[in-house]
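User: I'd like to go through the side-chain contacts in this model and hear the reasoning behind each label. Can you show me the structure and start with the charged pairs?

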Amino acid sequence: MIDSGLKVKLIDFGFSVRSESARLDLFCGTPNYMSPEIVLKKEYCGRANDVWGFAVLMFILLTGEFPFAAESTSLLNKKILSLSYQCPGYLGEDARRLFYSCCKISPQARPSASQ
């Protein structure tokens, strides 16, 4: 989405609408954006899940590719759970660090949205 000042706004981080401590058990979403906790069908924190989704979206915007992609759901899930992805050489170091910090298997290891 682009606002009236021509600034890009990221939208549809719907899991963050709950309190930070609320646990969710709704297992939905586009498979390529799913966090490890959703792949494992565990209860999860919406905000940490949206941080993961932000990282995937950022990767796509900067590279034109999904960080986690496969021809089958089971292979995609394995890639997500093993953090199996390739960062292109042209991806800047700041972007790499942000992606690495947001794509952690443990939701508690991910930065908060404000961080």
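Analyst: Sure, rule first: a salt bridge is a side-chain nitrogen of Lys or Arg within 4 Å of a carboxyl oxygen of Asp or Glu. By that rule the structure holds three salt bridges. Keep in mind that this is a predicted model, where local features need pLDDT of at least 70, side-chain atom pairs count only at pLDDT 80 or more, and totals for chains, interfaces and linings use all residues. Residues are numbered from 1 along each chain as its sequence is written, and side-chain values use heavy atoms, with hydrogens and water left out.

User: Why is the contact of Arg-110 and Glu-37 called a salt bridge?

Analyst: The N to O distance is 2.8 Å, and the rule asks for within 4 Å, so the pair qualifies. Arg-110 sits in the segment after α4 (93–102) and Glu-37 in helix α1 (residues 36–39), so the pair ties together parts that are 73 residues apart in sequence. Helices here are DSSP runs (H or I, at least four residues; strands are E, at least two), numbered from the N terminus.

User: What makes Glu-37 count as buried or exposed?

Analyst: Buried means under 20% relative accessible area, exposed over 50%, and partly exposed in between (1.4 Å probe, protein chains only). Glu-37 has 4% relative accessibility, so it's buried. Arg-110, at 6%, is buried too.

User: How do you know that Glu-93, Asp-94 and Arg-97 are linked in a network?

Analyst: Arg-97 is in both bridges: one with Glu-93 at 3.8 Å, N to O, and one with Asp-94, with the closest N and O atoms 2.5 Å apart. Glu-93 and Arg-97 are four residues apart in helix α4, about one turn. As for exposure, Arg-97 is partly exposed at 47%, whereas Asp-94 is exposed at 57%.

User: On to the rings. What makes two of them a pair?

Analyst: Rings of Phe, Tyr and Trp (its six-membered ring) pair if their centres lie within 6.5 Å; planes under 30 degrees apart are stacked, over 60 edge-to-face, and the rest tilted. The count comes to six aromatic pairs.

User: Why is the pair of Phe-59 and Phe-99 called stacked, tilted or edge-to-face?

Analyst: Their centres are 5.0 Å apart and their planes at 45°, so the pair is tilted. Both residues are buried.

User: And what about Phe-68 and Tyr-85?

Analyst: That pair is edge-to-face, at 5.4 Å centre to centre with 85° between the planes. Phe-68 is buried, at 0% relative accessible area.
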